[in-house]
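Visitor: Before we look, I would like to ask how the terms used for a model like this are justified, one by one.
Guide: Then let us set each value against its definition.

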Amino acid sequence: MDAITVVGIAAMGFAGLTITIGSIAPAIAQGRAIQQALTAMAQQPDVHKPLAQTLFVGLAMLESLAIYCFVIAMILIFANPFWNYVIRTGS
Amino acid sequence: MEIMDLNQISPDQVIIWQYGDLMINATLVYTWLVMALLVAGSLLLTRNLVHHGPVSRRQLLLETIAGALRQQVQDLGGAAAVVCLPFVSTLFIFIFTANALALVPGYVPPTASLSTTAALALSVFVAVPLYGIRRHGLWSYLKAYAHPNIFFFPLHLISECARTIALAVRLFGNIMSHEKIIGILLSVVPLFFPAVMQVLGLVIGTIQAYIFAVLATVYIAAALNDAGDESRPDDIQAAPTTPQGG
């Protein structure tokens, strides 16, 4: 295998792995957060407004973890620093 | 309509005008567009405001927006946090406008570039100690950094930097990912479905603007309320790996 193949396979493969593993954990965490918030809201409907507000902020925080992984995956595919190097050296 | 290629992950890479080393990219152009829109809108809307008597519909709109923002800031940070209302509201309105205009074809939100979001996050990074020092004085503000004991000083510094990076990458990642999803969908299912995603994008843009403003308020309120006496309720978030590229 020449260098371009190796870099290509590594970049694509790890971009896929990054977004896969990186979205599993936030998905579980968000599910748990929503579950707890719904339980709390069902038990105390009076405080549902601040609960929903905190839930939104918390969900966005968890969401951003998945977004970090997405950013890394995008960089691996579209802005990979090794592509230019490999192409410049003519594989 | 699309001015960005699919493999350009930031509007920084779209050069619109170049003269020697001086170049103007799409981020700058669209930031200026949003700024011009906001300044013109503010000038138009704030003419002829009245203290007494019948209130125009324009003024009612402004008072509703200002009142809602003030209420939010007060709920989050207590009465002391109202001093940061102008700063936080400016952040919110700028980010919200920049994101909401994404519905216009040919427009790329300047917040889809890491440069813009880094600048916004840096302004929060600077504003936090400024508000803290203005309220408590330099010495008692610095004492909060050495809270349990002096060995926690570097940890507080790291947390301050990490949350700034997180603030920048969160906004950038959300908006950029949405732009990319639209681009990919346009090339796969060009009819109808991208429109649904645009609606989702509007929701994401609004929530991200809200989150950014809320976090800025929480950080500033922590510096305002807790310097010197209590532990600082910091954003408990792991330091992310910072992508420098793009």
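Visitor: What makes strand β1 (residues 15-19) of chain B hardly covered?
Guide: A residue is buried if 20 or more other C-beta atoms, placed from the backbone, lie within 10 Å of its own, exposed if 12 or fewer, and partly exposed in between; among the five residues of β1(B) the count of buried ones is zero. The model is predicted, so that local features need pLDDT of at least 70 and side-chain atom pairs 80 or more, while totals for chains, interfaces and linings use all residues. Residues are numbered from 1 along each chain as written, and chains are lettered from A and ligands numbered from 1 in the order written.

Visitor: How do you know that β1(B) pairs with strand β2 (residues 22-25) of chain B?
Guide: Pairing requires that DSSP finds at least two bridges between two strands, and four bridges join these antiparallel strands, one partnership being that of B:Y19 with B:L22. Two residues lie between the strands of this hairpin, and B:G20 in the turn has a positive phi of about 65 degrees.

Visitor: Why does the length of helix α4 (residues 114-136) of chain B agree with expectation?
Guide: The expected span is 1.5 Å times one less than the number of residues, so the 23 residues of α4(B) should span 33 Å, and the end C-alpha atoms are indeed 33 Å apart. Just after α4(B), B:G137 takes a positive phi of about 85 degrees.

Visitor: Which residues does B:A216 touch?
Guide: With contact defined as C-beta atoms, placed from the backbone, within 7 Å, B:A216 touches B:V88, B:L91 and B:V124, not counting residues up to four places away in sequence.

Key
Contact = placed C-beta atoms within 7 Å.
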